[in-house]
Amino acid sequence: SLKPVLIEDLLGRDTVPPKNDILGKEVNNNIICVTGAGGSIGSELCRQIYKLNPKKLILFEISEPSLYKISKELTLLDNNSIKLKPILGNWLDSNLISKIFKKEKIDLIFHAAAYKHVPIVEKNPIIGIQNNVFSTLNIAIEAQKADVKKMILISSDKAVRPTNVMGASKRLSELIIQAFASDKDSKSNTSFSMVRFGNVLGSSGSVVPLFRKQIILGGPLTVTDKEVTRFFMTIQEA
């Protein structure tokens, strides 16, 4: 009988568990906002943040079904001491972002919202750049105005010497964060930083769900290039 292949089996190494004593300092009793909260990365961020006892967790998402799904899941965890606030909206709307930041007194923002499917963004470059780049710019501007303690951009290894529009849009987003981080004239105390993820196994942009579907259908497997190099991590590790 065939054994189902677990995502972890594909890593070729032991998974690295999260270190809550390190992560908890930033989250415990603080007000946290996650953009793209219903995505594969954003939702896992929300799950792990929720376990670290924030004062309030703000779920910012453009997709109604995704927002409903993650807010329902977190509500069922039944931690009544943590306030959950799902917000349906577009992070390109600077007025909405400004209102949320002023009202909620946010301590930490994880900016995970982005279009990340390379072929889709390749076919829709304008909206891809608009969504990935200008959302980052809007959030950085409003975070600085509201004196948010910290903003963290979730970036991609595809931003390194980018060969496609998606990677280039993420590199532009990084440059925006770097510019805000090195702004010596700003009166704001907001700390700007970023992290690059490798290929996150099982995320919506990963090759694994695609390969799995192709195998069920009897093939073929569409491998981009035999020389391609990928760096894998699980969603939990990311």
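In the predicted model, Arg161 is found in the loop that runs between strand S5 and helix H7. Its phi is positive, at about 40°, although Arg161 is not a glycine. Most residues other than glycine have a negative phi. Arg161 counts as exposed because its relative accessibility is 72%, and exposed means over 50%.

The two elements that flank this loop belong to the region around an open sheet. The sheet has six strands in the order S3-S2-S1-S4-S5-S6, and the pairing is parallel. Strand S3 (83-88) and strand S6 (191-197) are the edge strands, each of them pairing on one side only. From one strand to the next, the twist averages 15°. Helix H3 (residues 64-76) packs on the sheet, where it touches strand S2 (56-61) and S3. The direction of H3 makes about 175° with that of S3. Helix H7 (residues 165-181) also packs on the sheet, touching S5 and S6. The direction of H7 makes about 155° with that of S5.

Within the sheet, strand S4 (residues 108-111) and strand S5 (residues 150-156) run parallel and are joined by four bridges. Ile109 has Met151 in S5 as its bridge partner.

Helix H7 contains Lys170. Lys170 is buried yet has no salt bridge. The nearest side chain of opposite charge is that of Glu174, 7.7 Å away; Lys170 forms no salt bridge with Glu174 because a salt bridge requires a side-chain nitrogen of Lys or Arg within 4 Å of a carboxyl oxygen of Asp or Glu. A polar atom of the Lys170 side chain lies 3.0 Å from the backbone oxygen of Ile154. Not counting residues up to four places away in sequence, Lys170 touches Ala114, Asn132, Leu153, Ile154, Ser155, Ser156 and Ala159.

Two further backbone features are found in loops. Asn29 lies between helix H1 (20-27) and strand S1 (31-35), in the loop that separates them. Asn29 has a positive phi of about 65° although it is not a glycine. Pro220 is placed in the loop between helix H8 (207-216) and strand S8 (232-234). The peptide bond from Gly219 to Pro220 is cis, and its omega is near 0°. Most peptide bonds are trans.

Notes
Residues numbered from 1 in each chain as written. Predicted model: local features only at pLDDT ≥ 70, side-chain atom pairs only at ≥ 80, totals over all residues. Heavy atoms only, no water. Pairing = 2+ DSSP bridges. Helix = DSSP H or I, 4+ residues; strand = E, 2+ residues; numbered from the N terminus. Axes fitted to C-alpha atoms, helices over the stretch in contact; angles between N-to-C directions. Contact = heavy atoms within 4.5 Å. Buried < 20%, exposed > 50% of the residue type's maximum accessible area, 1.4 Å probe, protein only. Lys, Arg positive; Asp, Glu negative; His and termini not counted. Polar contact = N/O pair within 3.5 Å; in protein donor to acceptor, adjacent residues only side chain to side chain.
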